[in-house]
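Student: I'd like to zoom in on one part of this protein and really get to know it. Could you walk me through it slowly?

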Amino acid sequence: MFSEGLSSAWVPREPLPESLEVDTKPQDMSAAKGGLVIFTANSNPSSRELGRRIAERLGVELGKVQVYQEANRETRVQIEESVRGKDVFIIQTISKDVNTTIMELLIMVYACRTSCARNIIGVVPYFPYSKQCKMRKRGSIVSKLLASMMCKAGLTHLITMDLHQKEIQGFFNIPVDNLRASPFLLQYIQEEIPDYRNAVIVAKSPASAKRAQSFAERLRLGIAVIHGEAQDAESDLVDGRHSPPTVKNIGAIHPSLEIPLLIPKEKPPITVVGDVGGRIAIIVDDIIDDVDSFLAAAETLKERGAYKIFVMATHGILSSDAPRLIEESAIDEVVVTNTIPHEIQKLQCPKIKTVDISMILSEAIRRIHNGESMSYLFRNIGMDD
């Protein structure tokens with residue numbers, strides 16, 4: 001059905017997992033009040049594939065727009081059809097050139113706003129800079145800045161998927177629908193791993209234990225947590241406000257003040273809490289970018305007796321040498337969704353598999369355009385998911 005781009009993506013069966021049944025027959029979306037226009041802001045062919053999948057499910061054509069770079073690297077957007085009084089959905093996947101991708105989105109949103117679009121809804125499956133959502137020493141909360149830029153450009157609604165921190169929704173003063181990819185990943189486990197009943201869900205650090213617990217409870221499987229790994233960027237030790245200096249500076253404070261110092265943290269040796277011997281280990285997380293921590297977790301699980309190791313995540317950034325390192329590692333398969341284009345990485349590493357999530361994005365677009373409730377897409381999703 002799809003001849004290029006992410007055509008090798010695993011497409012989930014219908015109806016949707018976890019009772020997300022929808023009518024997937026093409027519908028005349030232009031019949032609703034205001035009309036519907038779908039644009040793809042990124043001119044990259046792999047990125048446009050997701051837009052084509054969504055448009056086909058909705059039974060509409062992609063809107064006509066030109067997005068390109070000038071000789072001096074300025075981004076230029078030319079909208080080639082009327083959007084006056086219409087609901088405009090702008091699908092933007094994040095390519096390797098993140099900053100150019102962001103400018104494409106902002107300029108297209110502003111162009112639709114000045115063309116009198118009725119509503120401008122951004123469909124950004126992976127929200128960029130989402131890891132920079134906390135204050136780090138003298139840094140800044142970049143995801144808050146990006147949210148303000150999107151709202152200022154004219155965005156009236158945002159559809160995204162598996163935010164790195166759910167609190168990012170509070171950075172926006174517009175509605176944000178944070179969809180979940182876990183139903184599709186759970187279905188992949190059930191249908192593509194024949195003996196998944198002999199599996200154990202693994203959190204590669206205590207920070208990802210809640211996600212692992214959610215997967216384990218839905219699949220009725222056990223859980224294991226790896227503790228004692230090397231310090232990562234999410235720890236308190238790198239946050240200057242929460243990590244007091246280890247040496248008293250008497251001259252810096254009043255002599256009468258005795259501020260107690262916290263005992264410095266010390267990581268214990270790497271341990272695995274839970275039995276993985278003779279089992280399939282499925283490591284779950286939201287983002288796979290720098291794979292060093294995943295490789296270390298896989299080696300630890302192999303030493304503890306796991307005979308197969310899967311890694312599953314929503315967003316497969318897989319930058320730098322990640323494909324080569326995965327190919328040479330003890331990991332048997334890496335499963336990610338098509339929220340981010342990664343066709344080049346798949347050519348470098350056959351272990352990488354793709355799950356198509358265009359179904360839930362197209363249903364979210366249909367419901368917003370027709371004024372239907374979005375709560376149907378969040379059934380059985382708890383506060384901790």
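Student: At what angle do helix 4 and helix 5 pack, and how far apart are their axes?

Tutor: Happy to take a close look, and keep in mind that this is a predicted model. Let's begin with how such a pair is described in the first place. Two packed helices are described by the angle between their axes and the distance between the axes. Here, helix 4 covers residues 182-192 and helix 5 covers residues 209-219. The angle between them is about 50 degrees, and their axes lie 11 Å apart. Angles under 35 degrees would count as roughly parallel, and 65 to 115 as roughly perpendicular. With an angle of about 50 degrees, helix 4 and helix 5 are therefore oblique to each other. The crossing also has a hand: for helix 4 and helix 5 it is right-handed.

Now for the side that each helix brings to the meeting. Helix 4 contributes Ser182, Leu185, Leu186, Ile189 and Gln190. Across from them, helix 5 offers Phe215, Arg218 and Leu219. Sort the residues of this contact by class and you get five nonpolar, two polar and one charged.

It helps to hold that pair up against another one. Helix 2 (residues 98-114) and helix 3 (residues 142-153) have axes that come within 8 Å and cross at roughly 25 degrees. That makes helix 2 roughly parallel to helix 3. In this contact, Ile102, Leu105, Leu106, Val109, Tyr110 and Arg113 come from helix 2, while Leu146, Met149, Met150, Lys152 and Ala153 come from helix 3. By class, the contact of helix 2 with helix 3 holds nine nonpolar residues, no polar ones and two charged ones.

Back to your pair, and just past the end of helix 5. Arginine 220 sits in the loop between helix 5 and strand 9 (222-227). Its backbone is worth a glance: phi of arginine 220 is near 60 degrees, which is positive even though the residue isn't glycine. Most residues other than glycine have a negative phi. Arginine 220 has a relative accessibility of 65%, so it counts as exposed. You can find a positive phi elsewhere too, at leucine 318, where the value is near 50 degrees. Leucine 318 belongs to the loop between strand 12 (308-316) and helix 7 (322-327). At 1% relative accessibility, though, leucine 318 counts as buried.

Next, look at Tyr188, which is in contact with lysine 353. The other contacts of lysine 353, leaving aside neighbours within four places in sequence, are Glu333, Val334, Val335 and Val336. Lysine 353 lies in strand 14 (residues 352-355), and it is partly exposed, with a relative accessible area of 33%. Along the chain, lysine 353 and valine 335 are 18 residues apart, yet their C-alpha atoms are separated by 4.8 Å.

Valine 88 gives you another case of this kind. You'll find valine 88 in strand 4 (residues 87-91), and at 0% relative accessibility it counts as buried. Not counting residues up to four places away in sequence, valine 88 touches Val37, Phe39, Val83, Cys112, Ala117, Asn119, Ile120 and Ile121. Valine 109, one of the helix 2 residues that meet helix 3, is 21 residues from valine 88 in sequence and 9.0 Å from it in space, C-alpha to C-alpha.

Cys112, one of the residues that valine 88 touches, is buried, with a relative accessible area of 0%. Cysteine 116 is partly exposed, at 37%. If you were hoping for a disulfide, a search of the whole structure finds zero.

One more residue deserves a stop: arginine 367, found in helix 9 (residues 358-370). You might not guess it for a charged residue, but arginine 367 is buried, with a relative accessible area of 10%. Beyond residues up to four places away in sequence, it touches Glu372, Ser373, Met374, Tyr376 and Leu377.

Finally, step back to the whole chain. Its secondary structure comes to nine helices and 14 strands. Of its 385 residues, 50% count as buried. Among contacts between residues at least 6 apart in sequence, 70% join residues at least 24 apart. So much for the backdrop; the part you asked about is the oblique, right-handed crossing of helix 4 and helix 5.

Notes: Residues numbered from 1 in each chain as written. Predicted model: local features only at pLDDT ≥ 70, side-chain atom pairs only at ≥ 80, totals over all residues. Heavy atoms only, no water. Axes fitted to C-alpha atoms, helices over the stretch in contact; angles between N-to-C directions. Helix = DSSP H or I, 4+ residues; strand = E, 2+ residues; numbered from the N terminus. Parallel < 35°, antiparallel > 145°, perpendicular 65-115°, else oblique. Left-handed = near helix turned anticlockwise from the far one by under 90°. Contact = heavy atoms within 4.5 Å. Nonpolar A, V, L, I, M, F, W, Y, C, P; charged D, E, K, R; others polar. Disulfide = S-S within 2.5 Å. Buried < 20%, exposed > 50% of the residue type's maximum accessible area, 1.4 Å probe, protein only.
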